[in-house]
Amino acid sequence: MNKYYKILIYTSNNCAFCNSAKELLINKKLKFKEINISQNNNLKEEMIKKTKGLMTVPQIFINSKHIGGFQELYKLEGSKKLYGIINK
């Protein structure tokens, strides 16, 4: 596995899908940086800009590529494509 991969996940407080996404990454032993947007409008605006208007969390980026939310991450993992994206 590429040891230089970068996973960024935008989250908010009390978000079940955020928690599920983080749990999936932890179970796969993948490191990630979490940005909680709950109390910072600047971070929320940053996320909306990077996702071209999406306002739901989580929003996940792997190696600067927007993956989407938990459902998209779950589908990538289920189809065994998650490590392929990390290794790009």
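Which handedness does the link of Cys15 and Cys18 have about the S-S bond? In this predicted model, the link is right-handed, with an angle of 75° about that bond. The sulfur atoms of Cys15 and Cys18 lie 2.4 Å apart, and since a disulfide is a pair of cysteine sulfur atoms within 2.5 Å, the pair qualifies. The count of disulfides comes to 1. As for exposure, Cys15 and Cys18 are both buried.

Cys18 also leads us to the nonpolar cores. It is included in a core of 10 residues, along with Met47, Val57 and Phe61. That core is separate from the largest one, which has 16 residues. Within the largest core, the residues touching the most other members are Ile7, Leu30, Ile60, Ile62, Leu73, Leu82 and Ile86. Helix 3 is also among the elements that give two or more residues to this core; the others are tabulated here with their ranges.

| Element | Residues |
|---|---|
| Strand 1 | 7–11 |
| Helix 1 | 16–27 |
| Strand 3 | 59–62 |
| Helix 4 | 82–86 |

Helix 3 itself spans residues 70–78, and Glu77 has its place there. Is Glu77 buried or exposed? Glu77 counts as buried because its relative accessibility is 17%, and the cut-off for buried is under 20%. Which residues does Glu77 contact, once neighbours within four places in sequence are left aside? They are Leu24, Lys28 and Leu82. Leu82 is thus a name to look for twice when you browse the model: Glu77 is in contact with Leu82, and Leu82 is one of the residues that touch the most other members of the largest core.

Note on methods:
Residues are numbered from 1 along each chain as its sequence is written. This is a predicted model: local features need pLDDT of at least 70, side-chain atom pairs count only at pLDDT 80 or more; totals for chains, interfaces and linings use all residues. Side-chain values use heavy atoms; hydrogens and water are left out. Buried means under 20% relative accessible area, exposed over 50%, partly exposed in between (1.4 Å probe, protein chains only). Helices (H or I, at least four residues) and strands (E, at least two) are DSSP runs, numbered from the N terminus. Contact means heavy atoms within 4.5 Å. A nonpolar core is a set of buried Ala, Val, Leu, Ile, Met, Phe, Trp, Tyr and Cys residues joined through side-chain atoms within 4.5 Å.
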